[in-house]
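Here are a few exercises to work through with the model open beside you. Try each task before you read its solution.

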Amino acid sequence: MTRGRAYQASAVAAEIAVPLGILAAWQVWTARANDPMFPRLSTILVEFREMWLFSQFELHVVPSLTRIAAGFAIAVVIGIVLGIPLGLSRWGRLLAMPHIEWWRAMPPPALLPISIVLLHSIGNRQKISFIAFFCLFPILLNTIDGVRGIDPTLLETARSYGMGSLERIRRVVFPAALPQIFAGMRTSLSLAVIMMVLTEYFSSTSGVGYVLLISKNTFQLVPMWAAIVLIGLLGYLLNVLLLLVERRVLRWHRGWRAAAAAQ
Amino acid sequence: MSQNGGPVLEIRNLAKTYGTRAKATRAIADVSFSVADREFVCVVGPSGCGKTTLLKCVGGLLRPSSGEVLLRGKRVTSPPEEMALVFQEYGRSLMPWASVRNNVLLPLRHKSLGRRERKELVEEALGAVGLTRFIDHYPWQLSGGMQQRVAIARALAYQPSILLMDEPFASVDAQTRGDLEDLVLRVREEFAVTVVFVTHDIDESVYLSDRVVVLTHAPTVVEEIIGVELPFPRDQIATKELPEFAHLRGHVYRLIKRELVEESEPGESVLAEAAQKGVRE
């Protein structure tokens, strides 16, 4: 027990120490280089505090976060709602898979101009739709896979107890596929951050990506670096948040897998 | 046993073929037998003889290719509410995300019962299999034998009049198996259920049942139906020491051995595969 705890403590220490070391090296290197393209880390951090904490938080960070949240949420709902029936139906997959594979293979920037034309918008409508569209595929494909992978004995059990198809989906299919749905959600969430930056960088009047673009266009390198740091942090923190949710929701899954491995 | 009032369950000329034409595999050729109210019938046969297929047809999970299953004179076309099926693979038929309580509760959710009634049924069933203390555990935190007891409790809470059991104790150790056999005999009395119990274990079939239905290898027909006149309550030691037990056991053994010699092993795996496909279709 104490050994385990000591191990855990040193693991956490290492996890913190390595990035701190890298930051320190960065600071030393930028201070020495004195290159306007690579401002000092301390300068960037001061700028970071002034920009994001909190003068422009509401103006630019909140819109970006809202777009990520809305786009991601839409993708989760549509991905699950479409993925479950497709996972259950061979015919459905036969008909739908070529289309899914086609759109999935599409590079997102290729659809940026048309999304603005089609949606008549460079505002939230276009941004959220764009994020949702590309976040959909990992969730959809993982849901289909998760449903297909369900042990047939579980489904037979549900059927033998006379559970109707909706109840079966709600009480058996959905929870059984949930571990893989979460795997898709993790991929999608990082995509959501990418798509947020992409759409805002392309055409926008607000958001972190927009700040990045304006800074670049006006050769303001320090704010640009501050935006980059913020985007990295956002992606990291969102992922941590999702992992925490997953840990709670899928607590059974870790225990179950550990039990299966111990046998 | 009260056997008046006609059979509860009738299997009439049941046949099941997987696949079509050239690829067709005849699993069951022609099986007929009936089960009286509160009777305990064991179905034994050589491995690969389609016992599981037969039970799934009886339970309304598989459609027979021809012939029929009658429950109180009515044809079974989908899983009837009066039956509960206990699978061999307890580890795969229990929901790993649900506690023991919620696993037992699951099939009750769509029955028109009050909240309290449901709770009582769950607790009563878990009490009957001796798992009250483990009600808030997850199934995977329990041993194999205990998991199968959860599956049995789930079946009992569903309040079936017929319990179908598909080699339920095939994957537990011998000691646990004996305990579980006695448990089934006890709950059968307590809950007044009719039991159709598929097994490949000859001792088990004789020990548990009122009658043993012996099947041939595939394409399967009924080889013989044997009445078991051993006294109740049965006892793992005393019953098995009776000369009558030895005699019956020997008789069933000879029937099955003859089947095994005759069979040139054309395809247990083929059949198992076909059964899986049939399930997924």
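**Exercise 1. Find in which sense S6(B) and S7(B) pair, and over how many bridges.**

Step 1. In this predicted model, S6(B) runs parallel to S7(B), and four bridges join the two.

Step 2. To see the register, pick out Met83(B), which stands opposite Ile162(B) in S7(B).

Step 3. Now look at the side chains of S6(B). Met83(B) and Leu85(B) point one way, while Ala84(B) and Val86(B) point the other way. That fits a general pattern: in a regular strand, side chains alternate between the two faces of the sheet.

Step 4. Check burial too: all four of these residues are buried.

**Exercise 2. Place strand S6 (83–86) of chain B in its sheet, and explain why one side of this strand is left without a neighbour.**

Step 1. Start from S7(B), residues 162–166, and move to S8(B), residues 194–198: these two strands pair in the parallel sense over five bridges. Asp166(B) stands opposite Val198(B) in S8(B).

Step 2. Now trace the whole sheet. It is open, has ten strands with mixed pairing, and its order in chain B is S5-S4-S1-S2-S10-S9-S3-S8-S7-S6.

Step 3. Strand S6 and strand S5 (74–75) of chain B stand at the edges with a single partner strand each, so one side of each has no neighbour in the sheet.

**Exercise 3. Describe how domain 1 and domain 2 of chain B meet.**

Step 1. Mark the bounds: domain 1 covers 1–6 + 17–24 + 34–82 + 162–263, and domain 2 covers 92–159.

Step 2. The C-alpha centres of the two domains of chain B are 24 Å apart. Eleven residues of domain 1 and seven residues of domain 2 make up the contact.

Step 3. On the domain 1 side, helix H6 (residues 174–190) of chain B supplies the largest share, five residues. By class, that side has eight nonpolar, two polar and one charged residues.

**Exercise 4. Which residues touch the most other members of the largest nonpolar core?**

Step 1. The core holds 131 residues, and those touching the most other members are Ile131(A), Cys135(A), Ala192(A), Ala153(B) and Val196(B).

Step 2. Helix H8 (residues 165–202) of chain A gives the most to this core, 15 residues. From chain B, domain 1 and domain 2 each provide at least three residues.

Step 3. Zoom in on Ile131(A). Beyond its neighbours within four places in sequence, its contacts include Phe72(A), Ala192(A) and Met195(A).

**Exercise 5. Is Glu156(A) buried or exposed?**

Step 1. Find Glu156(A) in helix H7 (residues 152–160) of chain A.

Step 2. Count the other C-beta atoms within 10 Å: there are 21. The cut-off for buried is 20 or more, so Glu156(A) is buried.

**Exercise 6. Decide how far to trust the contact between the chains.**

Step 1. Chain B brings 21 residues to the contact and chain A brings 20 residues. On the chain B side, helix H2 (90–93) and helix H10 (268–280) are the elements that give two or more residues.

Step 2. Look up the confidence. The complex has an ipTM of 0.83 and a pTM of 0.85. Chain B has a mean pLDDT of 87, with 91% of its residues at 70 or more.

Step 3. Within chain B, H10(B) has the lowest confidence, a mean of 51. Where pLDDT is low, predicted coordinates should not be read in detail.

Notes
Residues numbered from 1 in each chain as written. Chains lettered and ligands numbered in written order. Predicted model: local features only at pLDDT ≥ 70, side-chain atom pairs only at ≥ 80, totals over all residues. Core = buried A, V, L, I, M, F, W, Y, C linked by C-beta atoms within 7 Å. Buried ≥ 20, exposed ≤ 12 C-beta atoms within 10 Å, placed from the backbone. Domains from an automatic or database assignment. Contact = placed C-beta atoms within 7 Å. Pairing = 2+ DSSP bridges. pLDDT = per-residue confidence, 0-100. Nonpolar A, V, L, I, M, F, W, Y, C, P; charged D, E, K, R; others polar.
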